Amino acid sequence: MSAGRALGRAAPAAYVVALGVVVATWGLPLARDQLFFWLGLGLAAFSVRAWRTWGSLVLHWLPLYGLLVAYDFLRGAASVPVDRAHLSPQLDADEAMFGASGPTVWLQDHLWTPGHLHAWDIAVWGVYMTHFFAVWIVAAILWRGPRERFRRWVLLVVLVTVGALLTYWRYPAQPPWMAADRGVLPPIDRIVPEVWGRLGVRTVQSLYEDGRLVNTVAAVPSLHAAYPALLLAFFWPAGRWVRAGLAAYALAMAFTLIYSGEHFFADVLAGWVLVAVAFALVAAGARAGALAARQVVRSPPSTGSTTPVM
C-alpha cells in the first residue's frame, strides 16, 4: 500500500478520534473559531488531496470567517436595554394570528412539563442545535464541488447574516421568554437551556458564547429560522424529496423556536422574508451581470478612424 493511500485512510480515523476526545473532554465546539477549525481540519482529513489546495481553502473561507467573527462582536455591541427593545408589534401579530398570548404559551401549556423531559423536548433541543452546524457543513461540502455554487452559497449566507445584524441594530426586539419575565406574558420556560442542563451536555466556551457579547434582544429576524429556509431555497432544484426533507426541517425549526420560547412566529416569518430578499438581490445581480456581459459581446471592438488621409 502506498504512503499516500495509507495516509488517506489514517487521516479520517485520526480526525474522528480527535474530535471525539475534544467533545468528551470540553464539550461541543459551537463557537465560530472552534467550528471553523474543525471544519477545515475535516476537509483536509477526509481528502488528503485537499492538502494540495489548502491555500485555496483559506482564500475562500477566510473572508467569510472574518466577517462572521465581526458579526458576533457587532451583534453584542448593538444590544440595548430591555425596556428600549420592541415587543408590541410582534406580540400583536402573533395574537392576531393565533389568539390571546400567542402560540408559545399555548404550546407550553399543552406539551411542556417542568422538571420532566419528554422525547419531543430532546428532539426540539437537537433541532435547535443544528443551527450551529448545518450552514457551515453545507459550505464545506459545496467547497468540494463547483466553486460557483460555493461562492453563491457564501454570498447568500453573508447577505442574510448581515441583513439580520442591521435589523438587530435598528430594531432591537424582545423574545417571548423575556416578555414573560417582565410580566407581559404568562410564565414561559426557556426549554433549550433546560434540556441542555438536564442532559449534562457541555460546550466549548469562547468570546462568541461569552454572556457579555450575546445580544438578548436580537430576536427579529430569527436567524435560526432563516438558515433552514436558506437551505430549502438553495437546494430547491435538487428534487422533490430534497425539498420535502428541507421543508420539514424548516418547519421543525419554526416549531422549535416558538415552543421553546425563543421566538415569536413573527420573528420566524421575518427570517423567511429576509431569505427571500437575499435571493431576490442575488438573482437581480446575476441578471445585471449577464446583461452587461451580453452587451460587451455585442459591442464591436473599436478599430480606430477609417477616414482616408488626404
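This is a short guided tour of a predicted model, with a suggestion at each stop for what to select.

**The whole chain**

Start with everything shown as a cartoon. You should see 13 helices and zero strands, so the usual hunt for a sheet can be skipped. Of the 310 residues in the chain, 44% count as buried. Among contacts with a separation of 6 or more, 82% are between residues 24 or more positions apart.

**Stop 1: H8 against H11**

Select residues 147-170, which form helix H8, and residues 223-234, which form helix H11. Two packed helices are described by the angle between their axes and the distance between the axes. Here the angle is about 155 degrees and the axes are 11 Å apart. That makes H8 roughly antiparallel to H11, and H8 passes H11 in a right-handed crossing.

Now show side chains. On the H8 side of the contact, look for Arg149, Arg152, Trp153, Leu156, Val157, Val160, Thr161, Ala164 and Tyr168. They meet Leu223, Ala226, Tyr227, Leu230, Leu231 and Phe234 of H11. Colour the contact of H8 with H11 by class and you will find 12 nonpolar, one polar and two charged residues.

Stay with H8 for a moment. H8 has 24 residues and reaches 34 Å from its first C-alpha to its last, close to the 34 Å expected at 1.5 Å a residue. Its buried residues are Phe150, Trp153, Val154, Leu156, Val157, Val158, Val160, Thr161, Gly163, Ala164, Leu165 and Tyr168. An α-helix has 3.6 residues a turn, so residues three or four places apart point the same way. Keep that in mind as you step along Trp153, Leu156, Val157, Val160, Thr161, Ala164 and Tyr168, which are among the H8 residues that meet H11.

**Stop 2: H7 joins H11**

Keep H11 on screen and add residues 134-143, helix H7. The axes of H7 and H11 come within 10 Å and cross at roughly 30 degrees. That makes H7 roughly parallel to H11. From H7, the contact uses Ala134, Val135, Trp136, Val138 and Leu142; from H11, Tyr227, Leu231 and Phe234. What classes of residue make up this contact of H7 with H11? Eight are nonpolar, with no polar and no charged residues. Tyr227, Leu231 and Phe234 of H11 also appear in the contact with H8.

**Stop 3: the loop before H11**

Move to the loop between H10 and H11, where proline 221 sits. Most residues other than glycine have a negative phi, and most peptide bonds are trans. The bond joining valine 220 and proline 221 is cis, with omega about 0 degrees. Next select serine 222, in the same loop between H10 and H11. Is serine 222 buried or exposed? Serine 222 is buried, with a relative accessible area of 0%. Leaving aside residues up to four places away in sequence, serine 222 touches Leu257, His263, Asp267, Val268 and Gly271.

**Stop 4: H12 and H6**

Select residues 240-259 for helix H12, and pick out threonine 256 in it. The 20 residues of H12 should span 28 Å at 1.5 Å a residue, and its end C-alpha atoms are indeed 28 Å apart. The buried residues of H12 are Leu246, Tyr249, Ala250, Met253, Ala254, Thr256, Leu257, Ile258 and Tyr259. Threonine 256 has a relative accessible area of 1%. Beyond residues up to four places away in sequence, threonine 256 touches Val124, Val127 and Tyr128.

Those partners lead to helix H6, residues 119-129, where Asp121, Val124, Trp125, Val127, Tyr128 and Met129 are buried. The cover over the buried residues of H6 includes helix H10 (191-199), H11 and H12. Just after H12, glycine 261 takes a positive phi of about 85 degrees.

**Stop 5: around H5**

Finish with serine 101, in the loop between helix H4 (88-98) and H5. The phi of serine 101 is near 75 degrees, a positive value in a residue other than glycine. At 22% relative accessibility, serine 101 counts as partly exposed. Then select aspartate 109 in helix H5, residues 102-111. Aspartate 109 is exposed, with a relative accessible area of 60%. Draw a distance from its C-alpha to that of tyrosine 259: the two are 150 residues apart along the chain and separated by 9.9 Å.

Definitions and conventions: Residues numbered from 1 in each chain as written. Predicted model: local features only at pLDDT ≥ 70, side-chain atom pairs only at ≥ 80, totals over all residues. Heavy atoms only, no water. Axes fitted to C-alpha atoms, helices over the stretch in contact; angles between N-to-C directions. Helix = DSSP H or I, 4+ residues; strand = E, 2+ residues; numbered from the N terminus. Parallel < 35°, antiparallel > 145°, perpendicular 65-115°, else oblique. Left-handed = near helix turned anticlockwise from the far one by under 90°. Contact = heavy atoms within 4.5 Å. Nonpolar A, V, L, I, M, F, W, Y, C, P; charged D, E, K, R; others polar. Buried < 20%, exposed > 50% of the residue type's maximum accessible area, 1.4 Å probe, protein only. Expected span 1.5 Å × (residues − 1).
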